[in-house]
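This report looks at where selected side chains sit in a protein model and what they touch. Please keep the sequence and the coordinates at hand while reading.

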Amino acid sequence: MPREVAFDLHRSCGYEPEILAFDVKVQVEPGLVLPGYRQAEERSGVEFIYYAAEAVELVALRRRSGLDGRKLADAMADDLRRLSMSVSEAEDRSRRGHAVAHSVLMIYGRRKAAMAAAQ
């Protein structure tokens, strides 16, 4: 799920989202997974982003410098933008035998103070 969709879902339920953990991992079973995401993208208009597999090592290197969570995601934004591709491009790349990767987020939803006080 795109990060902003997850964040919007949290906000619409009265929570402020916070990234606790961030990573990029190689897509397992791309032949089974990617067609479903492409179809969902075509039906909903929500864009799913994939990355060239070298993004996995770049994130791991940055994590070793002590970054994690939101700080890691923010620090990786430019590199990930450069390595990003659409789900259709990921499918094509995978069919040619190249690995693709996707982001992994752990999001904590903190109840918004104004809403919590009103209850």
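The text below takes up the nonpolar core, a surface patch and a few single residues.

The model is predicted, so that local features need pLDDT of at least 70 and side-chain atom pairs count only at pLDDT 80 or more, while totals for chains, interfaces and linings use all residues. Residues are numbered from 1 along each chain as its sequence is written, and side-chain values use heavy atoms, with hydrogens and water left out.

**The core**

The largest nonpolar core (buried Ala, Val, Leu, Ile, Met, Phe, Trp, Tyr and Cys residues joined through side-chain atoms within 4.5 Å) has 21 residues, of which Phe-22, Val-24, Tyr-50 and Leu-80 touch the most other members. Two or more residues come from each of β1 (15–26), β2 (49–52), α3 (54–64), α4 (69–83), α5 (87–95) and β4 (100–111), and α4 gives the most, with five residues. These helices (H or I, at least four residues) and strands (E, at least two) are DSSP runs numbered from the N terminus. Leu-80 is in contact (heavy atoms within 4.5 Å) with Phe-22, Val-24, Tyr-51 and Ala-55, not counting residues up to four places away in sequence.

**Accessibility of three residues**

Buried means under 20% relative accessible area, exposed over 50%, and partly exposed in between, with a 1.4 Å probe and protein chains only.

| Residue | Relative accessible area | Class |
|---|---|---|
| Leu-20 | 39% | partly exposed |
| His-102 | 18% | buried |
| Glu-41 | 16% | buried |

Leu-20 belongs to strand β1. His-102 is placed in strand β4, and its contacts, leaving aside neighbours within four places in sequence, are Asp-23, Val-24, Lys-25, Val-26, Gln-27, Tyr-50 and Tyr-51.

**A buried glutamate**

Glu-41 is part of helix α2 (residues 30–44). Although buried, Glu-41 has no salt bridge, and the nearest side chain of opposite charge, Arg-38, is 8.0 Å away; a salt bridge here requires a side-chain nitrogen of Lys or Arg within 4 Å of a carboxyl oxygen of Asp or Glu. For opposite charge, Lys and Arg count as positive and Asp and Glu as negative, whereas His and the chain ends are not counted. Apart from neighbours within four places in sequence, Glu-41 touches Val-46, Glu-47, Phe-48 and Val-87.
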